[in-house]
Every structure is written in structure tokens, then in C-alpha cells.
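Me: I would like to go through this structure with you. Could we begin with the strands?

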Amino acid sequence: MVKITDVARHAGVSPSTVSYALSGKRPISEETRQRVEASIRELGYRPHAGARALASSRSNVLALVVPLRTGIHVPVVMQFAVSVVTTARRHDHDVLLLTQEEGEEGLRRVADTALVDALILMDVQLDDPRLPLLRSLDRPSVMIGFPAEAEGLTCIDLDFKAAGELCVEHLAQLGHRVVALVGSPPEVYVRQTAFAQRVVQGFTAATDRNGLASTVHPCEAAPAAARRVAEQLLREQPALTGVVVHNEAVLEPLIDAFEQLGLRVPGDLSVTAICPDELAESLRVPVTSIALPSAEVGERAVELLMRKLAGDAVPEATLLPPRLTRRASTAPRDTP
């Protein structure tokens with residue numbers, strides 16, 4: 001590892017002069033500064049974060065706030081996190097990951113120190129208690145998700161309402177008239193988590209518009225719960241021929257449960273999902289799905305923050321349109 005003394009020796013100056021060049025605490029000649037900077041580049045020296053902060057009044061660290069609450073599907077959350085981290089590194093920023101449910105207190109503790117330059121928040125609720133604090137902070141922020149009142153905030157996400165609608169429209173075009181949404185775990189709806197609520201809104205709007213019979217069923221993230229929901233759906237909707245799944249953890253167990261109950265996919269039952277492409281493609285019956293654009297959302301969230309840190313104007317709302325990929329799990333409804 002290259003040290004500050006190596007840079008000093010290479011540039012022919014003292015270690016304190018290198019420190020002054022990095023921190024700006026004392027004036028040095030332009031010629032000396034350029035020589036030090038040339039040595040830093042040639043040797044590949046990476047100054048300590050504290051030195052960088054002194055020089056720029058910034059820490060070059062972003063906070064990613066991801067409270068790992070119950071009902072959250074961690075593998076999908078980590079896809080977003082990896083995208084944020086890799087994009088931040090391209091901008092020479094590190095990421096501080098905050099996973100505890102600390103609410104306003106945790107945010108204020110981080111914001112009141114020099115730990116981070118800006119924040120990205122996930123698991124946004126419709127009436128998110130963090131909003132007043134975010135609006136008052138002197139550090140820029142981006143929310144991955146849309147609260148009910150997003151004015152004055154910068155938000156980005158998949159258009160989950162449109163995604164719910166698109167799944168229903170696909171089933172309606174195939175002739176399905178009785179459909180159901182198997183949604184997120186119950187606690188996700190109790191918290192009024194924004195993306196889950198938007199899917200329900202879109203699903204309900206599209207079924208009403210198309211005159212379809214429909215129900216919405218939250219489902220715990222467990223195979224036994226998937227079996228119970230499948231049994232309940234067939235009791236309550238014996239004419240059911242189409243299902244939308246917005247719960248990655250139960251997608252495969254749910255298909256298995258329906259087939260064990262005598263419904264073939266897609267011969268008797270068409271299934272669509274909102275989930276990562278790699279999951280939809282990997283199942284025994286590849287599932288027609290709307291992709292979760294985690295890589296794009298994470299990347300664009302960081303890009304928005306970089307523009308805000310540079311003092312540039314950014315759009316308040318960035319909604320990514322849903323993209324539906326047809327696979328083997330949906331087919332036209334068989335008519336008697």
C-alpha cells in the first residue's frame with residue numbers, strides 16, 4: 001500500500017507538504033501542488049477519507065438506508081444495494097449501509113455528523129415518518145419509492161401501479177375473467193409500504209376497468225402460506241383462471257400448490273408475476289413477468305445524487321415504465 005511518505009519522497013517534498021496539498025490547510029506553490037498531484041497519480045496513492053474530507057469539505061460517502069423490516073425480501077433488496085455501491089464507486093464514493101429500524105433518530109444522527117454527503121432511502125411508506133426530516137436536512141437525498149406526498153423530494157422507482165395494471169391487462173387480453181392478486185406479506189401492507197400499495201391500486205383499477213371478478217390476498221413468505229392461499233382462492237373463486245403474484249418468496253411454492261390442487265399452469269391457470277427476471281426464467285414453468293429494474297434504479301438513484309451534490313437541478317419524480325415479458329405460464333383461457 002502506497003503511503004504518504006512514498007508520495008513525499010517521489011515528489012521531493014516533505015510529508016507535511018503532501019498533507020497540505022491534500023487538505024488545503026496551508027498555502028503551497030502551484031508548481032509544488034502539481035508535482036505532488038502528479039506523484040499521487042503515478043503511484044496510485046489513495047488518501048485517507050479524513051484527508052479527502054478536509055480538502056473538499058465532503059466525506060465521499062453516501063448513506064443507503066435500508067431498514068430490514070419483517071416481510072422484506074432480502075435478496076431483492078441486496079440487488080438494489082449492490083447497484084448503489086458499484087455506481088457510487090464509479091464516482092469515487094463509498095456507501096454506508098444502515099439496516100436498523102431507527103427512523104428519524106437514526107437519520108438525524110448520521111446527518112448531524114460529517115459521516116455522509118447524501119442519503120438514499122428505501123422501503124418508503126405512503127405516510128413515511130422520515131419525510132419532515134428529509135425536507136429539513138442540508139444534505140441531498142433520493143428516495144427509492146414514492147410516498148403519498150412527494151412534493152419537494154427526489155423519488156425514483158418502477159411504476160408499480162402501472163405494473164399491476166399491465167399484468168391484469170395481459171390476462172384480460174387472453175380472455176381471463178376471474179383473477180386474483182397474491183401480494184406481499186400482511187405486515188408490508190400494515191406499514192403502508194408504497195410499492196405494495198401501488199401494485200394493489202393498479203391491479204384494482206385494471207380489473208374494474210375490464211369488468212373482471214377479482215380479489216387481493218396478502219401472503220406470508222412461506223410455502224405453507226402459499227398452499228393456504230391457493231386453497232382459499234379456489235374455495236372463494238372456483239372459476240379462477242388468472243393470478244398475479246407480487247411476492248417473490250412464494251412464486252414457485254404457489255405454482256406447485258395450484259398444480260397439486262389439480263390446476264395445470266398454463267392449461268387451467270395463467271400466472272403472471274412482478275419479480276426479478278432471473279427468478280421468472282428459472283422456474284419449471286417460466287413465468288410471464290414484469291422485471292424489477294433493481295440495477296437501473298440503483299444506478300439512477302446515485303446519478304441523481306451526484307447531480308444534486310454538484311448543484312444541478314434534477315427531476316423530482318422518475319418513474320420507470322414496466323416491461324412485461326411473455327413466457328410459458330400464461331395462455332388464452334379455455335372456453336367451454
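Reply: Certainly. This is a predicted model. An open sheet of 6 strands runs in the order β2-β1-β3-β4-β5-β11, and the pairing is parallel.

Me: Which strands are at the edges of the sheet?

Reply: The edge strands are β2, residues 94-98, and β11, residues 317-320. Each of them pairs on one side only.

Me: What is the average twist from one strand to the next?

Reply: The twist averages 20° from one strand to the next.

Me: What holds strands of a sheet together in general?

Reply: Strands of a sheet pair through backbone hydrogen bonds, in either a parallel or an antiparallel manner.

Me: Back to this sheet: over how many bridges do β5 and β11 pair?

Reply: Strand β5, residues 155-158, pairs with β11 over 4 bridges, in the parallel sense.

Me: And which residue in β11 is opposite Leu-158?

Reply: Leu-158 stands opposite Leu-320 in β11.

Me: New topic: how many aromatic pairs are there?

Reply: The structure holds 1 aromatic pair. Its rings belong to Phe-160 and Phe-195, with centres 5.6 Å apart. Their planes meet at 40°, so the pair counts as tilted.

Me: Where in the chain are Phe-160 and Phe-195?

Reply: Phe-160 lies in helix α8, residues 160-173, and Phe-195 lies in helix α10, residues 194-210. The two are 35 residues apart, so the pair links distant parts of the chain.

Me: Is Phe-160 buried or exposed?

Reply: Phe-160 is buried, because its relative accessible area is 7% and the cut-off for buried is under 20%.

Me: And how does Phe-195 count?

Reply: Phe-195 counts as partly exposed, at 26% relative accessibility.

How values were computed:
Residues numbered from 1 in each chain as written. Predicted model: local features only at pLDDT ≥ 70, side-chain atom pairs only at ≥ 80, totals over all residues. Heavy atoms only, no water. Pairing = 2+ DSSP bridges. Axes fitted to C-alpha atoms, helices over the stretch in contact; angles between N-to-C directions. Phe/Tyr/Trp six-rings, centres within 6.5 Å; stacked < 30°, edge-to-face > 60°. Buried < 20%, exposed > 50% of the residue type's maximum accessible area, 1.4 Å probe, protein only.
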